[in-house]
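Let's take a walk through a protein together, one stop at a time. Please keep the sequence and the 3D view open as you read.

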Amino acid sequence: MYPCVFINFSPILLFLETTANQLVAVGGVGDDNGVVNKCLDQERHAFLYFKSLLQDPDGRLMTWTAEEEDCCRWFGVTCNNQTGHVAELDISHCNLGEFGNLTYLKELFLESVGRCEVENLNWLSHLSHLEELRMDGISLAKQNHWVDVMLSLRKLSYLSLDGCKLSQVMYPYSSSFLNSSSSIHTLSLANNNLTSSMYSWLFPLTSNKLRVLYLSHNMLDGIPKYFSNLCSLEWLDFVNNSAAVKFPDFLNNLSGCTSLTLQWLGASYNQFTGSLSDDIEKFSSLKYLYISNNQLNGTISEKLWELPRIKVIDVSSNFLRGSISENIGKSKAVTIFLSENPLQGVPSTSHLSNLSYVEFIDMSSCNLGPRFPKWTQTLKNLTRLHISNASISDTIPLEFWDAWPSKLRYLNLSSNNILGEAADLSSNFANNSVIDLSSNKFYGTIQNISSAVALLNLSKNKFSGGMIQIRIRGPQERTHKNHYWYILERGGGQKRKVAKKLVIPAERNK
(Lines give C-alpha, C1' and ligand atoms only; values in the text may rest on other atoms or scores of the structure.)
Protein backbone atom coordinates (compact mmCIF):
# COMPACT_ATOMS: atom_id res chain seq x y z
CA MET A 1 0.00 0.00 0.00
CA TYR A 2 1.42 3.35 -1.03
CA PRO A 3 0.57 6.86 0.17
CA CYS A 4 -1.48 8.65 -2.48
CA VAL A 5 0.30 11.45 -4.26
CA PHE A 6 -2.58 13.72 -3.30
CA ILE A 7 -1.83 13.55 0.42
CA ASN A 8 -1.45 17.32 0.68
CA PHE A 9 -2.30 18.48 -2.82
CA SER A 10 -4.81 15.86 -3.95
CA PRO A 11 -6.49 17.66 -6.88
CA ILE A 12 -3.33 17.19 -8.99
CA LEU A 13 -4.78 13.89 -10.20
CA LEU A 14 -8.24 15.01 -11.12
CA PHE A 15 -7.17 16.52 -14.45
CA LEU A 16 -6.29 13.11 -15.84
CA GLU A 17 -9.98 12.24 -15.95
CA THR A 18 -12.05 15.39 -15.59
CA THR A 19 -10.07 18.21 -17.19
CA ALA A 20 -8.46 16.04 -19.87
CA ASN A 21 -11.56 13.92 -20.42
CA GLN A 22 -9.99 10.59 -19.53
CA LEU A 23 -6.88 10.69 -21.69
CA VAL A 24 -6.29 7.68 -23.89
CA ALA A 25 -2.78 6.34 -24.50
CA VAL A 26 -1.53 7.07 -27.99
CA GLY A 27 2.12 6.19 -27.42
CA GLY A 28 5.21 8.34 -27.48
CA VAL A 29 8.30 8.47 -29.67
CA GLY A 30 10.75 5.72 -28.81
CA ASP A 31 14.29 4.69 -29.74
CA ASP A 32 15.38 1.34 -31.18
CA ASN A 33 15.20 -0.24 -27.73
CA GLY A 34 11.58 0.75 -27.24
CA VAL A 35 12.42 3.47 -24.71
CA VAL A 36 10.14 6.51 -24.98
CA ASN A 37 12.11 9.74 -24.92
CA LYS A 38 9.46 12.25 -23.89
CA CYS A 39 6.11 12.50 -22.23
CA LEU A 40 2.81 12.52 -24.09
CA ASP A 41 1.55 15.86 -25.34
CA GLN A 42 -1.94 15.33 -23.91
CA GLU A 43 -0.59 14.82 -20.41
CA ARG A 44 1.83 17.78 -20.70
CA HIS A 45 -1.02 20.09 -21.72
CA ALA A 46 -3.14 18.77 -18.87
CA PHE A 47 -0.37 19.53 -16.35
CA LEU A 48 -0.03 23.08 -17.69
CA TYR A 49 -3.75 23.66 -17.48
CA PHE A 50 -3.83 22.32 -13.95
CA LYS A 51 -0.91 24.57 -12.91
CA SER A 52 -2.84 27.59 -14.20
CA LEU A 53 -5.52 26.88 -11.59
CA LEU A 54 -3.09 26.77 -8.66
CA GLN A 55 -1.29 29.21 -6.42
CA ASP A 56 2.44 28.38 -6.19
CA PRO A 57 3.98 31.07 -3.95
CA ASP A 58 7.25 29.15 -3.45
CA GLY A 59 7.81 28.59 -7.17
CA ARG A 60 8.19 24.82 -6.80
CA LEU A 61 6.47 24.31 -10.14
CA MET A 62 8.62 26.75 -12.07
CA THR A 63 9.91 23.91 -14.28
CA TRP A 64 6.36 23.28 -15.48
CA THR A 65 6.55 25.47 -18.59
CA ALA A 66 5.56 25.24 -22.23
CA GLU A 67 9.17 25.82 -23.21
CA GLU A 68 10.24 22.55 -21.60
CA GLU A 69 8.40 20.11 -23.85
CA ASP A 70 9.36 16.98 -21.91
CA CYS A 71 7.19 17.00 -18.81
CA CYS A 72 9.08 13.89 -17.61
CA ARG A 73 11.88 16.32 -16.61
CA TRP A 74 9.60 18.53 -14.57
CA PHE A 75 9.78 18.74 -10.81
CA GLY A 76 7.98 15.84 -9.12
CA VAL A 77 7.15 14.01 -12.36
CA THR A 78 8.31 10.46 -13.14
CA CYS A 79 7.40 8.76 -16.43
CA ASN A 80 7.23 5.17 -17.61
CA ASN A 81 10.13 4.59 -20.00
CA GLN A 82 8.12 2.20 -22.13
CA THR A 83 4.86 4.11 -22.56
CA GLY A 84 5.77 7.71 -21.86
CA HIS A 85 2.85 8.01 -19.46
CA VAL A 86 3.25 9.78 -16.16
CA ALA A 87 3.77 6.99 -13.62
CA GLU A 88 4.34 9.00 -10.44
CA LEU A 89 3.66 12.50 -9.17
CA ASP A 90 5.22 13.73 -5.97
CA ILE A 91 4.80 17.38 -5.07
CA SER A 92 3.72 16.79 -1.50
CA HIS A 93 6.23 19.37 -0.25
CA CYS A 94 4.81 22.13 -2.40
CA ASN A 95 2.96 24.97 -0.72
CA LEU A 96 -0.09 25.23 -2.94
CA GLY A 97 -2.20 27.41 -0.59
CA GLU A 98 -5.98 26.74 -0.65
CA PHE A 99 -5.86 25.36 -4.21
CA GLY A 100 -6.85 28.69 -5.77
CA ASN A 101 -9.86 28.49 -8.06
CA LEU A 102 -10.30 24.77 -7.36
CA THR A 103 -12.78 25.77 -4.71
CA TYR A 104 -15.24 25.89 -7.62
CA LEU A 105 -14.48 22.34 -8.70
CA LYS A 106 -17.68 20.33 -9.25
CA GLU A 107 -16.43 16.83 -10.15
CA LEU A 108 -13.45 14.89 -8.80
CA PHE A 109 -12.68 11.37 -10.07
CA LEU A 110 -9.87 9.52 -8.34
CA GLU A 111 -10.94 5.89 -8.77
CA SER A 112 -8.22 5.11 -11.34
CA VAL A 113 -5.35 6.17 -9.08
CA GLY A 114 -4.65 2.58 -7.99
CA ARG A 115 -3.71 1.02 -4.67
CA CYS A 116 -2.87 3.80 -2.30
CA GLU A 117 -3.85 5.23 1.06
CA VAL A 118 -5.04 8.70 1.96
CA GLU A 119 -3.40 10.13 5.07
CA ASN A 120 -5.41 13.33 5.26
CA LEU A 121 -8.84 14.26 3.90
CA ASN A 122 -9.04 17.80 5.22
CA TRP A 123 -8.23 19.26 1.81
CA LEU A 124 -11.60 18.03 0.59
CA SER A 125 -13.50 20.38 2.87
CA HIS A 126 -12.20 23.33 0.84
CA LEU A 127 -13.97 22.13 -2.30
CA SER A 128 -17.22 23.78 -1.31
CA HIS A 129 -18.80 23.46 -4.79
CA LEU A 130 -18.02 19.76 -5.22
CA GLU A 131 -21.02 17.79 -6.49
CA GLU A 132 -19.52 14.44 -7.51
CA LEU A 133 -16.71 12.52 -5.80
CA ARG A 134 -15.40 9.08 -6.75
CA MET A 135 -12.56 7.50 -4.74
CA ASP A 136 -13.11 3.79 -5.44
CA GLY A 137 -10.19 1.56 -4.49
CA ILE A 138 -8.40 4.18 -2.36
CA SER A 139 -7.88 3.16 1.25
CA LEU A 140 -9.52 5.40 3.84
CA ALA A 141 -8.65 2.99 6.67
CA LYS A 142 -6.89 5.73 8.67
CA GLN A 143 -9.46 8.44 8.02
CA ASN A 144 -11.29 9.04 11.28
CA HIS A 145 -14.26 11.38 10.90
CA TRP A 146 -14.38 10.93 7.12
CA VAL A 147 -18.18 11.12 7.33
CA ASP A 148 -17.84 14.63 8.80
CA VAL A 149 -15.77 15.71 5.80
CA MET A 150 -18.39 14.45 3.37
CA LEU A 151 -21.18 16.17 5.27
CA SER A 152 -19.25 19.43 5.12
CA LEU A 153 -19.61 19.36 1.33
CA ARG A 154 -23.09 20.85 1.20
CA LYS A 155 -23.50 20.44 -2.57
CA LEU A 156 -22.21 16.87 -2.78
CA SER A 157 -24.81 14.75 -4.57
CA TYR A 158 -22.82 11.72 -5.83
CA LEU A 159 -20.39 9.82 -3.59
CA SER A 160 -18.69 6.54 -4.51
CA LEU A 161 -16.33 4.86 -2.02
CA ASP A 162 -16.28 1.26 -3.23
CA GLY A 163 -13.41 -0.83 -1.88
CA CYS A 164 -12.06 1.88 0.42
CA LYS A 165 -11.56 -0.34 3.52
CA LEU A 166 -14.16 1.61 5.45
CA SER A 167 -14.64 -1.25 7.92
CA GLN A 168 -11.17 -0.50 9.34
CA VAL A 169 -11.97 3.09 10.29
CA MET A 170 -12.09 3.40 14.07
CA TYR A 171 -14.18 6.59 14.34
CA PRO A 172 -16.02 7.32 11.09
CA TYR A 173 -17.91 10.35 12.41
CA SER A 174 -18.22 12.75 15.33
CA SER A 175 -21.43 13.47 17.18
CA SER A 176 -21.42 17.12 16.07
CA PHE A 177 -22.50 16.05 12.59
CA LEU A 178 -25.29 13.70 13.57
CA ASN A 179 -27.95 16.30 12.87
CA SER A 180 -26.46 17.45 9.58
CA SER A 181 -28.56 17.12 6.45
CA SER A 182 -27.00 15.30 3.52
CA SER A 183 -27.53 16.37 -0.10
CA ILE A 184 -26.37 13.01 -1.51
CA HIS A 185 -28.69 11.36 -4.04
CA THR A 186 -26.35 8.51 -5.10
CA LEU A 187 -24.23 6.68 -2.51
CA SER A 188 -22.05 3.64 -3.23
CA LEU A 189 -20.27 1.81 -0.39
CA ALA A 190 -19.83 -1.63 -1.98
CA ASN A 191 -16.99 -4.05 -1.25
CA ASN A 192 -15.91 -2.63 2.12
CA ASN A 193 -16.46 -5.63 4.46
CA LEU A 194 -18.98 -3.54 6.35
CA THR A 195 -21.08 -5.05 9.13
CA SER A 196 -24.41 -3.80 10.42
CA SER A 197 -22.63 -1.53 12.91
CA MET A 198 -22.14 0.84 9.96
CA TYR A 199 -25.79 1.82 9.97
CA SER A 200 -25.16 4.30 12.80
CA TRP A 201 -22.78 6.41 10.71
CA LEU A 202 -24.70 5.79 7.49
CA PHE A 203 -27.76 7.51 8.94
CA PRO A 204 -26.46 11.12 8.62
CA LEU A 205 -25.42 10.40 5.00
CA THR A 206 -28.98 9.47 4.06
CA SER A 207 -31.95 11.74 3.65
CA ASN A 208 -35.11 12.04 1.60
CA LYS A 209 -32.89 13.13 -1.28
CA LEU A 210 -31.24 9.71 -1.55
CA ARG A 211 -32.33 7.89 -4.71
CA VAL A 212 -29.63 5.23 -5.28
CA LEU A 213 -27.85 3.15 -2.60
CA TYR A 214 -25.22 0.46 -3.29
CA LEU A 215 -24.34 -1.79 -0.34
CA SER A 216 -23.36 -4.97 -2.21
CA HIS A 217 -20.41 -7.23 -1.37
CA ASN A 218 -20.30 -6.47 2.33
CA MET A 219 -21.10 -8.46 5.49
CA LEU A 220 -24.44 -6.90 6.38
CA ASP A 221 -27.04 -9.11 8.06
CA GLY A 222 -30.07 -6.96 7.32
CA ILE A 223 -31.19 -3.36 7.06
CA PRO A 224 -32.37 -0.91 9.74
CA LYS A 225 -35.92 0.30 10.14
CA TYR A 226 -35.04 3.86 9.14
CA PHE A 227 -34.65 2.61 5.55
CA SER A 228 -38.45 2.61 5.38
CA ASN A 229 -38.37 6.43 5.59
CA LEU A 230 -36.08 7.04 2.61
CA CYS A 231 -38.95 8.50 0.65
CA SER A 232 -37.04 9.07 -2.61
CA LEU A 233 -35.13 5.79 -2.76
CA GLU A 234 -35.50 4.14 -6.18
CA TRP A 235 -32.55 1.72 -6.32
CA LEU A 236 -31.23 -0.55 -3.55
CA ASP A 237 -28.35 -2.93 -4.28
CA PHE A 238 -27.90 -5.40 -1.41
CA VAL A 239 -26.32 -8.23 -3.43
CA ASN A 240 -23.83 -10.62 -1.84
CA ASN A 241 -24.06 -9.88 1.86
CA SER A 242 -24.44 -12.29 4.76
CA ALA A 243 -28.07 -11.57 5.60
CA ALA A 244 -29.30 -14.70 7.43
CA VAL A 245 -32.71 -13.19 8.20
CA LYS A 246 -36.26 -13.82 7.08
CA PHE A 247 -37.06 -12.11 3.82
CA PRO A 248 -40.46 -10.85 5.08
CA ASP A 249 -38.58 -8.97 7.84
CA PHE A 250 -36.27 -7.46 5.24
CA LEU A 251 -39.26 -6.25 3.22
CA ASN A 252 -40.93 -4.91 6.36
CA ASN A 253 -37.96 -2.59 6.98
CA LEU A 254 -38.61 -1.07 3.57
CA SER A 255 -42.37 -0.89 3.90
CA GLY A 256 -42.84 2.80 4.72
CA CYS A 257 -42.75 5.50 2.07
CA THR A 258 -39.76 3.70 0.57
CA SER A 259 -42.04 0.94 -0.69
CA LEU A 260 -43.89 3.51 -2.81
CA THR A 261 -40.79 4.74 -4.64
CA LEU A 262 -38.47 1.71 -4.88
CA GLN A 263 -38.07 0.53 -8.48
CA TRP A 264 -34.99 -1.74 -8.38
CA LEU A 265 -34.30 -4.21 -5.57
CA GLY A 266 -31.26 -6.46 -5.83
CA ALA A 267 -30.77 -8.89 -2.93
CA SER A 268 -29.33 -11.98 -4.60
CA TYR A 269 -26.56 -14.11 -3.10
CA ASN A 270 -27.55 -13.70 0.53
CA GLN A 271 -28.96 -16.15 3.06
CA PHE A 272 -32.57 -15.01 3.21
CA THR A 273 -35.09 -17.58 4.40
CA GLY A 274 -38.87 -17.70 4.52
CA SER A 275 -41.47 -16.88 1.88
CA LEU A 276 -41.92 -14.25 -0.75
CA SER A 277 -44.80 -12.88 1.30
CA ASP A 278 -47.83 -10.72 0.61
CA ASP A 279 -45.81 -7.70 1.77
CA ILE A 280 -44.50 -7.49 -1.80
CA GLU A 281 -47.80 -5.90 -2.86
CA LYS A 282 -46.81 -2.70 -1.02
CA PHE A 283 -44.04 -2.09 -3.57
CA SER A 284 -46.28 -0.62 -6.23
CA SER A 285 -43.43 1.05 -8.17
CA LEU A 286 -41.18 -2.02 -8.29
CA LYS A 287 -39.88 -2.85 -11.78
CA TYR A 288 -36.91 -5.15 -11.13
CA LEU A 289 -36.75 -7.80 -8.40
CA TYR A 290 -33.60 -9.92 -8.04
CA ILE A 291 -33.55 -12.33 -5.07
CA SER A 292 -31.90 -15.38 -6.62
CA ASN A 293 -29.39 -17.64 -4.87
CA ASN A 294 -30.79 -17.34 -1.38
CA GLN A 295 -32.39 -19.92 0.90
CA LEU A 296 -36.01 -18.90 0.51
CA ASN A 297 -37.99 -21.97 1.53
CA GLY A 298 -41.61 -20.87 1.58
CA THR A 299 -44.13 -20.05 -1.10
CA ILE A 300 -44.47 -17.29 -3.69
CA SER A 301 -47.26 -14.85 -2.92
CA GLU A 302 -49.83 -14.49 -5.67
CA LYS A 303 -49.51 -10.72 -5.08
CA LEU A 304 -46.14 -10.82 -6.85
CA TRP A 305 -47.84 -11.36 -10.20
CA GLU A 306 -50.16 -8.39 -9.66
CA LEU A 307 -47.45 -5.71 -9.31
CA PRO A 308 -48.50 -3.03 -11.83
CA ARG A 309 -45.04 -2.00 -13.08
CA ILE A 310 -42.97 -5.16 -12.74
CA LYS A 311 -40.67 -6.06 -15.66
CA VAL A 312 -38.12 -8.56 -14.32
CA ILE A 313 -38.66 -11.23 -11.67
CA ASP A 314 -35.72 -13.41 -10.66
CA VAL A 315 -36.30 -15.82 -7.76
CA SER A 316 -34.13 -18.61 -9.18
CA SER A 317 -31.87 -20.92 -7.18
CA ASN A 318 -33.85 -21.01 -3.95
CA PHE A 319 -36.01 -23.62 -2.22
CA LEU A 320 -39.39 -22.11 -3.00
CA ARG A 321 -42.17 -24.68 -3.02
CA GLY A 322 -45.82 -25.08 -3.81
CA SER A 323 -47.77 -24.50 -7.00
CA ILE A 324 -47.39 -21.44 -9.13
CA SER A 325 -50.42 -19.20 -8.68
CA GLU A 326 -52.92 -18.79 -11.48
CA ASN A 327 -52.29 -15.06 -11.06
CA ILE A 328 -49.11 -15.48 -13.08
CA GLY A 329 -51.34 -14.86 -16.08
CA LYS A 330 -51.88 -11.29 -14.82
CA SER A 331 -48.20 -10.43 -14.71
CA LYS A 332 -46.76 -7.67 -16.88
CA ALA A 333 -43.24 -9.05 -16.45
CA VAL A 334 -41.04 -9.31 -19.53
CA THR A 335 -38.55 -11.69 -17.91
CA ILE A 336 -39.40 -14.44 -15.40
CA PHE A 337 -36.76 -16.64 -13.74
CA LEU A 338 -38.17 -19.42 -11.55
CA SER A 339 -35.46 -22.01 -12.20
CA GLU A 340 -33.79 -24.23 -9.60
CA ASN A 341 -36.79 -24.32 -7.27
CA PRO A 342 -38.97 -27.34 -6.35
CA LEU A 343 -42.06 -25.56 -7.63
CA GLN A 344 -44.96 -27.76 -8.69
CA GLY A 345 -46.75 -27.51 -12.00
CA VAL A 346 -48.00 -24.62 -14.08
CA PRO A 347 -51.59 -23.41 -14.41
CA SER A 348 -53.65 -24.22 -17.45
CA THR A 349 -53.09 -22.72 -20.86
CA SER A 350 -55.98 -20.32 -20.33
CA HIS A 351 -54.08 -18.58 -17.54
CA LEU A 352 -50.66 -18.53 -19.19
CA SER A 353 -52.01 -17.28 -22.51
CA ASN A 354 -52.56 -13.89 -20.88
CA LEU A 355 -48.80 -13.44 -20.43
CA SER A 356 -48.72 -11.15 -23.43
CA TYR A 357 -45.69 -9.21 -22.20
CA VAL A 358 -43.31 -12.06 -21.41
CA GLU A 359 -40.24 -12.54 -23.61
CA PHE A 360 -37.99 -14.78 -21.51
CA ILE A 361 -39.09 -17.62 -19.21
CA ASP A 362 -36.68 -19.88 -17.33
CA MET A 363 -38.35 -22.71 -15.42
CA SER A 364 -35.49 -25.18 -15.65
CA SER A 365 -35.24 -27.68 -12.78
CA CYS A 366 -38.83 -27.03 -11.74
CA ASN A 367 -41.43 -29.84 -11.61
CA LEU A 368 -43.46 -28.98 -14.70
CA GLY A 369 -44.21 -32.54 -15.87
CA PRO A 370 -45.13 -35.08 -16.62
CA ARG A 371 -47.16 -33.48 -19.44
CA PHE A 372 -45.51 -31.23 -21.96
CA PRO A 373 -46.50 -27.61 -21.16
CA LYS A 374 -48.61 -26.67 -24.17
CA TRP A 375 -49.04 -23.15 -22.83
CA THR A 376 -45.68 -22.31 -24.36
CA GLN A 377 -47.31 -22.18 -27.79
CA THR A 378 -49.54 -19.27 -26.81
CA LEU A 379 -46.77 -16.81 -25.86
CA LYS A 380 -46.32 -14.95 -29.12
CA ASN A 381 -43.67 -12.51 -27.86
CA LEU A 382 -41.44 -15.21 -26.38
CA THR A 383 -37.80 -15.03 -27.46
CA ARG A 384 -36.26 -17.42 -24.92
CA LEU A 385 -37.65 -20.53 -23.27
CA HIS A 386 -35.64 -22.68 -20.85
CA ILE A 387 -37.43 -25.71 -19.39
CA SER A 388 -34.62 -28.23 -19.14
CA ASN A 389 -34.62 -30.87 -16.37
CA ALA A 390 -38.30 -30.16 -15.70
CA SER A 391 -39.55 -33.77 -15.21
CA ILE A 392 -41.34 -33.80 -18.57
CA SER A 393 -42.17 -37.32 -19.87
CA ASP A 394 -44.34 -36.71 -22.89
CA THR A 395 -44.35 -36.17 -26.64
CA ILE A 396 -44.19 -32.75 -28.25
CA PRO A 397 -47.25 -32.04 -30.38
CA LEU A 398 -46.33 -31.30 -33.99
CA GLU A 399 -48.18 -27.98 -33.85
CA PHE A 400 -45.70 -26.87 -31.20
CA TRP A 401 -43.12 -26.25 -33.92
CA ASP A 402 -45.55 -24.88 -36.48
CA ALA A 403 -47.02 -22.32 -34.10
CA TRP A 404 -43.71 -21.19 -32.70
CA PRO A 405 -43.19 -17.41 -32.72
CA SER A 406 -40.66 -16.14 -35.24
CA LYS A 407 -38.95 -14.11 -32.49
CA LEU A 408 -37.60 -17.23 -30.79
CA ARG A 409 -33.81 -17.08 -30.25
CA TYR A 410 -33.22 -19.63 -27.50
CA LEU A 411 -34.93 -22.97 -26.81
CA ASN A 412 -33.68 -25.45 -24.20
CA LEU A 413 -35.65 -28.66 -23.64
CA SER A 414 -32.65 -30.75 -22.57
CA SER A 415 -32.45 -33.34 -19.78
CA ASN A 416 -36.07 -34.37 -19.86
CA ASN A 417 -37.74 -37.58 -21.06
CA ILE A 418 -39.35 -36.18 -24.18
CA LEU A 419 -40.37 -38.73 -26.82
CA GLY A 420 -41.16 -38.45 -30.49
CA GLU A 421 -39.76 -38.13 -33.96
CA ALA A 422 -37.39 -35.37 -34.86
CA ALA A 423 -39.10 -32.13 -35.72
CA ASP A 424 -39.01 -30.04 -38.84
CA LEU A 425 -36.83 -27.12 -37.77
CA SER A 426 -36.87 -25.33 -41.09
CA SER A 427 -38.61 -22.12 -40.03
CA ASN A 428 -39.85 -19.88 -37.23
CA PHE A 429 -36.50 -19.15 -35.65
CA ALA A 430 -34.81 -15.78 -35.32
CA ASN A 431 -31.28 -15.23 -36.61
CA ASN A 432 -28.46 -16.79 -34.58
CA SER A 433 -30.83 -18.97 -32.61
CA VAL A 434 -29.74 -21.64 -30.12
CA ILE A 435 -31.60 -24.96 -29.82
CA ASP A 436 -30.78 -27.62 -27.21
CA LEU A 437 -32.74 -30.88 -27.42
CA SER A 438 -30.05 -33.05 -25.86
CA SER A 439 -30.55 -35.83 -23.30
CA ASN A 440 -34.06 -36.83 -24.35
CA LYS A 441 -35.58 -39.70 -26.37
CA PHE A 442 -36.05 -38.15 -29.78
CA TYR A 443 -35.68 -40.59 -32.68
CA GLY A 444 -35.88 -40.74 -36.46
CA THR A 445 -34.09 -38.41 -38.86
CA ILE A 446 -34.03 -34.66 -39.06
CA GLN A 447 -35.04 -33.55 -42.53
CA ASN A 448 -34.70 -29.79 -42.37
CA ILE A 449 -33.29 -27.07 -40.21
CA SER A 450 -33.46 -23.31 -40.47
CA SER A 451 -30.40 -21.47 -41.70
CA ALA A 452 -31.05 -19.02 -38.88
CA VAL A 453 -29.90 -21.54 -36.26
CA ALA A 454 -26.37 -20.84 -35.01
CA LEU A 455 -26.04 -23.62 -32.44
CA LEU A 456 -27.82 -26.96 -32.27
CA ASN A 457 -27.33 -29.70 -29.67
CA LEU A 458 -28.94 -33.06 -30.45
CA SER A 459 -26.61 -35.29 -28.45
CA LYS A 460 -27.77 -38.17 -26.21
CA ASN A 461 -30.92 -38.99 -28.16
CA LYS A 462 -31.89 -41.93 -30.42
CA PHE A 463 -31.62 -40.49 -33.87
CA SER A 464 -31.13 -42.99 -36.69
CA GLY A 465 -31.22 -43.29 -40.46
CA GLY A 466 -28.82 -42.66 -43.30
CA MET A 467 -25.96 -40.19 -43.29
CA ILE A 468 -27.70 -36.84 -43.33
CA GLN A 469 -25.77 -33.65 -43.69
CA ILE A 470 -27.22 -30.51 -42.25
CA ARG A 471 -25.63 -27.18 -43.04
CA ILE A 472 -25.84 -24.41 -40.51
CA ARG A 473 -24.93 -20.94 -41.66
CA GLY A 474 -21.40 -19.84 -40.93
CA PRO A 475 -18.27 -18.54 -42.68
CA GLN A 476 -16.15 -21.64 -42.00
CA GLU A 477 -18.07 -24.91 -42.25
CA ARG A 478 -16.57 -28.12 -40.95
CA THR A 479 -17.71 -31.70 -40.61
CA HIS A 480 -18.13 -33.12 -37.13
CA LYS A 481 -18.65 -36.91 -37.10
CA ASN A 482 -19.08 -37.37 -33.38
CA HIS A 483 -21.79 -36.54 -30.92
CA TYR A 484 -20.62 -33.04 -30.02
CA TRP A 485 -22.16 -30.40 -32.18
CA TYR A 486 -19.93 -27.55 -31.04
CA ILE A 487 -17.09 -26.05 -33.03
CA LEU A 488 -14.73 -23.59 -31.42
CA GLU A 489 -14.48 -20.51 -33.57
CA ARG A 490 -11.96 -17.74 -33.04
CA GLY A 491 -13.22 -14.43 -34.26
CA GLY A 492 -12.93 -10.85 -33.16
CA GLY A 493 -10.44 -11.83 -30.49
CA GLN A 494 -13.00 -13.92 -28.62
CA LYS A 495 -13.90 -17.57 -28.41
CA ARG A 496 -17.41 -18.83 -28.87
CA LYS A 497 -18.99 -22.17 -29.60
CA VAL A 498 -20.87 -22.27 -32.87
CA ALA A 499 -22.19 -25.29 -34.77
CA LYS A 500 -21.20 -24.74 -38.39
CA LYS A 501 -21.87 -28.08 -39.98
CA LEU A 502 -23.62 -31.03 -38.46
CA VAL A 503 -23.39 -34.66 -39.55
CA ILE A 504 -25.61 -37.28 -37.96
CA PRO A 505 -24.07 -40.76 -38.35
CA ALA A 506 -26.10 -43.81 -39.41
CA GLU A 507 -25.55 -45.58 -36.11
CA ARG A 508 -27.78 -44.68 -33.24
CA ASN A 509 -26.99 -41.35 -31.57
CA LYS A 510 -26.70 -42.33 -27.93
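Before we start, one definition will help: two strands count as paired if DSSP finds at least two bridges between them. Keep in mind, too, that this is a predicted model.

With that definition in hand, look for residue 421. In β23, the residue that bridges to glutamate 421 is tyrosine 443. This bridge belongs to the pairing of β21 with strand β23 (residues 441-444), which runs in the parallel sense over three bridges. Now widen your view a little. The strands lie in an open sheet of three strands, ordered β21-β23-β25 with parallel pairing. At the edges stand β21 (419-421) and β25 (462-463); each has a single partner strand, so one side of each has no neighbour in the sheet.

Let's step back to the whole protein. Its secondary structure comes to seven helices and 29 strands. The protein has 510 residues, and 50% of them count as buried. If you take the contacts with a separation of 6 or more, residues 24 or more positions apart account for 60% of them. On the outside, the protein exposes about 23200 Å², and carbon and sulfur atoms supply 46% of that area.

Next, let's visit the cysteines. How many disulfides does a search of the whole structure find? It finds two. One of them joins cysteine 72 and cysteine 79, with the sulfur atoms 2.0 Å apart. The angle about the S-S bond is -100°, and this link of cysteine 72 and cysteine 79 is left-handed. Are its two ends buried or exposed? The cut-off for buried is under 20% relative accessible area. Cysteine 79 counts as buried because its relative accessibility is 15%, whereas cysteine 72, at 23%, is partly exposed.

In the other disulfide, cysteine 231 and cysteine 257 hold their sulfur atoms 1.9 Å apart. Its link is left-handed as well, with -75° about the S-S bond. Cysteine 231 sits in the loop between β10 (212-214) and β11 (235-237), while cysteine 257 sits in the loop between α4 (247-252) and α5 (258-261), so the pair ties together parts that are 26 residues apart in sequence. Both ends are partly exposed: cysteine 231 has a relative accessible area of 31%, and cysteine 257 has one of 22%. Two further cysteines are worth finding in the view. Cysteine 164, at 0% relative accessibility, counts as buried, and so does cysteine 366, at 2%.

Our last stop is the aromatic rings, where the count comes to 14 pairs. Among them are tryptophan 64 and tryptophan 74: their ring centres are 5.6 Å apart and their planes meet at 25°, so the pair is stacked. Both of these tryptophans, 64 and 74, are buried. Compare that with tryptophan 146 and tryptophan 201, whose ring centres are 5.2 Å apart and whose planes are at 75°, so the pair is edge-to-face. Tryptophan 146 lies in helix α2 (residues 146-152) and tryptophan 201 in helix α3 (residues 199-202), so this pair ties together parts that are 55 residues apart in sequence. Tryptophan 146 counts as buried at 1% relative accessibility, and tryptophan 201 counts as buried at 6%. To finish, find Tyr199, Phe203, Tyr226 and Phe227, which form one aromatic cluster.

Terms used: Residues numbered from 1 in each chain as written. Predicted model: local features only at pLDDT ≥ 70, side-chain atom pairs only at ≥ 80, totals over all residues. Heavy atoms only, no water. Disulfide = S-S within 2.5 Å. Buried < 20%, exposed > 50% of the residue type's maximum accessible area, 1.4 Å probe, protein only. Helix = DSSP H or I, 4+ residues; strand = E, 2+ residues; numbered from the N terminus. Contact = heavy atoms within 4.5 Å. Areas by Shrake-Rupley, 256 points an atom, 1.4 Å probe, with all protein chains shown as cover. Phe/Tyr/Trp six-rings, centres within 6.5 Å; stacked < 30°, edge-to-face > 60°.
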